[in-house]
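Hello,

Here is the structure I promised to pass on to you. Have a look at it first, and then read my notes below.

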Amino acid sequence: MPTRREAGEGAETIAYLGLGSNVGDRQGALRRAAAALEAASLRIVARSSVYRTEPVDVLDQAEFLNQVLAVKTPLGPRSILAVALEVERTMGRVRRRDKGPREIDLDLLLHGATVLEEPGLQVPHPRLHLRRFVLVPLAEIAPEAVHPVLGQAMAALLLRCPDRSSVVRLETGVETG
């Protein structure tokens, strides 16, 4: 019996995922997450630089390392979410508190021009346009990508972003002392 495909699944689509870590080996976590995503039919076609970012909302925690990946995949948004949650689980993510410290955090930011709102999944990510730690690396690799709800390119959204938190590109992509 054939399996039921979700809408948007099958055709290759470019999706963007945000990666973040502020517990343990942060850079290693970003590398391992990217490798696990590629092993699950999410072919990486672009990687942003790695950025050191200050926490937003919950301030009493360590700085994050963040990165955005562009992936080409036949998977739809729900399937990508399932892959991301499985990668987080296998990498040992512990959900201590909402927006608190995490070994790895994977967020589906955009999936082509898909607009989807259901319990547990919103595409585009509902706070994408409000977060510099997402917009800076996303605009680095896809400045002309258009937010399918707001109708604006990522570079324009970054210019208008109300968030003024620190987002610093690691020059070599490797954190030093």
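**Helix 3 and what surrounds it**

The buried residues of helix 3 are Arg132, Val134, Leu135, Val136, Pro137, Leu138 and Ala139. Please keep in mind that this is a predicted model. With seven of its ten residues buried, helix 3 is largely enclosed by the rest of the structure. Which elements do the buried residues of helix 3 pack against? They pack against strand 1, strand 3 (51-53), strand 4, strand 5, helix 4 (154-160) and strand 8 (167-169).

**Helix 1 and the residue after it**

Helix 1 covers residues 26-39, and its length makes a simple check. At 1.5 Å a residue, its 14 residues should span 20 Å, and the C-alpha atoms at its ends are 20 Å apart, so the two agree. Buried in helix 1 are Arg26, Gln27, Gly28, Ala29, Leu30, Ala33, Ala34 and Leu37. Their cover includes strand 1, strand 2 (43-47), strand 4, helix 2 and strand 5.

Just after helix 1 comes Ser41, with a positive phi of about 70 degrees. Ser41 sits in the loop between helix 1 and strand 2. Is Ser41 buried, partly exposed or exposed? Its relative accessible area is 45%, and because buried means under 20% and exposed over 50%, Ser41 counts as partly exposed.

**Two more backbone points**

As background, most residues other than glycine have a negative phi, and most peptide bonds are trans. Besides Ser41, which is not a glycine, there is Asp57, where phi is near 75 degrees. Asp57 is found in the loop between strand 3 and strand 4, and with a relative accessible area of 45% it is partly exposed.

The peptide bond between Val123 and Pro124 is cis, with omega about 0 degrees. Pro124 belongs to the loop between strand 7 and helix 3.

**Two buried side chains**

Val87 is part of helix 2 and counts as buried, at 5% relative accessibility. What does Val87 touch, leaving aside its neighbours within four places in sequence? Its contacts are Ala33, Ala36, Leu37 and Leu106. Two of these partners, Ala33 and Leu37, are themselves listed among the buried residues of helix 1. For a sense of scale, Val87 and Leu159 are 72 residues apart in sequence and 32 Å apart in space, C-alpha to C-alpha.

His111 lies in strand 5 and is buried too, with a relative accessible area of 2%. A polar atom of the His111 side chain is 2.9 Å from the backbone oxygen of Leu75.

**The largest pocket**

The largest pocket has a volume of about 870 Å³. It is lined by 38 residues, of which Arg102, Asp105, Asp107, His125 and Arg127 are the closest to its centre. The elements that each give two or more residues to this lining are strand 1 (13-21), strand 4 (64-73), helix 2 (77-90), strand 5 (105-111), strand 7 (121-123) and helix 3 (132-141). Which element gives the most to the lining? That is strand 5, with five residues. Sorted by class, the lining has 16 nonpolar, eight polar and 14 charged residues.

If you look at one region first, I would suggest strand 5: it holds the buried His111, helps to cover the buried residues of helix 1, and gives the most to the pocket lining.

Best wishes

How values were computed:
Residues numbered from 1 in each chain as written. Predicted model: local features only at pLDDT ≥ 70, side-chain atom pairs only at ≥ 80, totals over all residues. Heavy atoms only, no water. 1 Å grid on protein atoms, 1.4 Å probe; cavity = no way out; pocket = protein on both sides within 12 Å on 5 of 7 lines; lining within 4 Å. Points joined across faces, edges and corners; volume = space filled by probe spheres on them. Helix = DSSP H or I, 4+ residues; strand = E, 2+ residues; numbered from the N terminus. Nonpolar A, V, L, I, M, F, W, Y, C, P; charged D, E, K, R; others polar. Buried < 20%, exposed > 50% of the residue type's maximum accessible area, 1.4 Å probe, protein only. Contact = heavy atoms within 4.5 Å. Polar contact = N/O pair within 3.5 Å; in protein donor to acceptor, adjacent residues only side chain to side chain. Expected span 1.5 Å × (residues − 1).
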